[in-house]
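Me: Got a minute to walk through this one with me? I'll paste it below and start asking.

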Amino acid sequence: MPDRADDAVPEKQEQLEPLRDRGEDGPLTTNFGTRVDDTDNSLRVGERGPTLLEDFHFREKITHFDHERIPERVVHARGAGAYGHFRPYASLAEYTRADFLQDPNRSTPVFVRFSTVAGSRGSADTVRDVRGFATKFYTREGNYDLVGNNFPVFFIQDAIKFPDFVHAVKPEPHNEIPQAQSAHDTFWDFVSLQPESTHMLMWLMSDRALPRSYRMMQGFGVHTFRFVNAEGRGTFVKFHWKPLLGTHCLVWDECQKLAGQDPDYNRRDLWDAIERGDFPEYELGVQLVSEDDEFAFDFDLLDATKIIPEELVPVRPIGRMVLDRNPDNFFAETEQVAFHTAHVVPGIDFTNDPLLQGRNFSYLDTQLIRLGGPNFEQLPVNRPVATVRNNQRDGYGQHRIHPDHTSYAPNSISGGCPVLASPDAGAYVHYQERVDGAKIRRRSPSFSDHYSQATLFWNSMADWEKEHIVAAYRFELGKVTRREIRERTVEQLNHVDNDLARQVAEGLGLPAPEQAAIPNHGRSSPALSLANPVAGVAEAAGEEASIATRRIAILAADGVAAGDVLALREAMARGGAVPEVLAPHAGELRTTDGGTVTVDRAMSTMASTMYDAVCVPGGPDSARALAGDGLALHYVAEAFKHGKGIAAVGSGISLLGALNLPGLRLSADGDGVVDDHGVVTAADGADLDAVTATLADIIAEHRVWTRDQDATPA
Ligand code: HDE
């Protein structure tokens, strides 16, 4: 893991430091600085009399409290943020003049906010939803915001449909139900009437909508943007973030449980990892398309419901981002950070994607209502490290004091300042694209194929991914009360793939369409599947998949074999994982050798859903206690159901035996290590290094999909 000090980028943190109010030492005061001697009793007439209006401390305290809330984001309301830095691998001068992409020896500070889209600020993290992945680069030329998502495509092609889409997915207007869910009538009503959403729906119904961690999630700029170099030459560009830990997801049953057990699951994961020093890293990649090839594809580069398959245009890695600092205050930083697609720097420009063009209006507009006026760029987290100098003045929350006597141009009183910059002095110059046409409300015919890439996605999935997609459609549509909406969706799916449509229809008890509406073209794109190692950068680079930062539960009770616990814990920690001993009670456990081991967590506080794997050490008394404990039994069965690596040693195996897990043959007779569908067993005295190495391989693969998950009761 990189060391924060090694790669430190001081500019932004230096700017923030004087603004951090640590409230050190000294007495309580009002906001106007008067010291206060009692903040628990309001000023009243006699001990039992009425409160006085002149109690300025009371009024100020309550008034401030009454005004604490600001409107939450209309979408992406729930999120988590972190600071970090970005460094390019090499100069990209050939394609862009953007200063922060020129020098591999210079880092640029960043702030990243991850989010869910549909839920309110207090909703659960592990819902089926798109995730936001928004990055603010504090460059020397001003802020550049790459406001992306974890899917490379979007629901609609034109921004004017965004309010319709958001109204449909948000809780229904009459009763404000359901929260943070797409499994309801208005959402499916809208999308089933909106064929352009078909491709995006495939992503939404896939496991990509259930990230294991924000640290294990891809990001995409979605639109085709434009790089512009110093000579003014443009190149189309699509942005990709790839997490170095690989792209990994949860399963739906796990998500639903986690939504109650730990609604902050993804936020906590990010926070804890950064606090531990396990700094999340992402590689930035670009797909570059020369302007000559604008029309070389069978889709339109301006259509945000399309990807450029990586087999056609490979993703070229251009730099790496490390997130190494949690914010000090959630509201001041994560809530008040204001992203805007039109925060661009010289060398990065737009295309005429009608979704992007609309966003360029919306993000400024939304900050004005959300942050209360035009001075939101002055909030600490939003301030550029580049100098800001202009004639904009006044407004709510003005924090700058402008002593100069002029706030207009041209002027002579201030010597004409601030002066205009030339392009050579770093001024932003809009790309000079020639545009010609009549004013029309019409979409280009090149935007009209809504199914080919949905089929491409489906064809690229591994069997288990296809099963999960079918199950997701059945779940979501199973919650839809109106039959005609379910039927319409099946009909849409029949344009993607007949087998898919049939399986969904069967689950819903609807007639299965006999023939495909459009024959499946048979093409696939390996990079789309989570089963493909390309999903993880480290793996693609030939590095071994690792267990770094994975959480491992070691289930134990009094009478556990200390040697087993030690060996398991040490081996896992050596691989960079986070092992924890869980027991029926907190405190200490007695061990077979008369010693003790410390319990990290009581089992009742930490469900199996919060770990990536589970180990059961030996020790007859411990094993007997766990086999008689419903929580422990459920723990292992649930981990099995969710495809997680499991290891049991010696008498610990009896816990697995008590469960009758489907398809599992438990043999602890030999002294070897047995791996049966990701369940590793070894008799007492077996080589514990071999046990942990086998388990580590399973964890590095993330999940085991060859088990009969559906038949596992948990
Ligand atoms: Fe956004 N989007 N969006 N969006 N979006 C917002 O801006 C909007 C779209 C994305 O962590 C809002 O500050 C329109 C695509 C992220 O603060 C708002 C359209 C993509 C975030 C808005 C889109 C995104 C937002 C709400 C259709 C992926 C959270 C609060 C044209 C490329 C940023 C805010 C954060 C937030 C408008 C579509 C990503 C209302 C009109 C496509 C990550 O301005």
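**Confidence, ligand shell and strands**

Reply: Sure. It's a predicted model, and the protein chain has a mean pLDDT of 95, with 96% of its residues at 70 or more.

Me: And what ipTM and pTM does the predictor give the complex?

Reply: The ipTM is 0.98 and the pTM is 0.97.

Me: OK, ligand next. How many residues surround it, and which are the closest?

Reply: There are 25 residues around the ligand, and R73, H76, G132, A159 and V222 are the closest. The elements giving two or more residues to that shell are β2 (108-116), β3 (131-139), β4 (142-149) and α9 (354-370).

Me: Which one gives the largest share?

Reply: That's α9, with six residues of the shell.

Me: What's the shell like by class?

Reply: It splits into 13 nonpolar, nine polar and three charged residues.

Me: Switching topic: strand β1. Buried or exposed?

Reply: Mostly buried. β1 covers residues 79-88, and nine of its 10 residues are buried, so the rest of the structure largely encloses this strand.

Me: What does β1 pair with?

Reply: One partner is β2, which also gives residues to the ligand shell. β1 and β2 run antiparallel, over eight bridges. Another is β9 (residues 316-325), also antiparallel to β1, with six bridges joining the two.

Me: Which residue in β2 is the bridge partner of A80?

Reply: F114.

Me: And on the β9 side, what stands opposite H85?

Reply: V322 of β9 is across from H85.

Technical notes. Residues numbered from 1 in each chain as written. Predicted model: local features only at pLDDT ≥ 70, side-chain atom pairs only at ≥ 80, totals over all residues. Near = placed C-beta within 6 Å. Helix = DSSP H or I, 4+ residues; strand = E, 2+ residues; numbered from the N terminus. Nonpolar A, V, L, I, M, F, W, Y, C, P; charged D, E, K, R; others polar. Buried ≥ 20, exposed ≤ 12 C-beta atoms within 10 Å, placed from the backbone. Pairing = 2+ DSSP bridges. pLDDT = per-residue confidence, 0-100.
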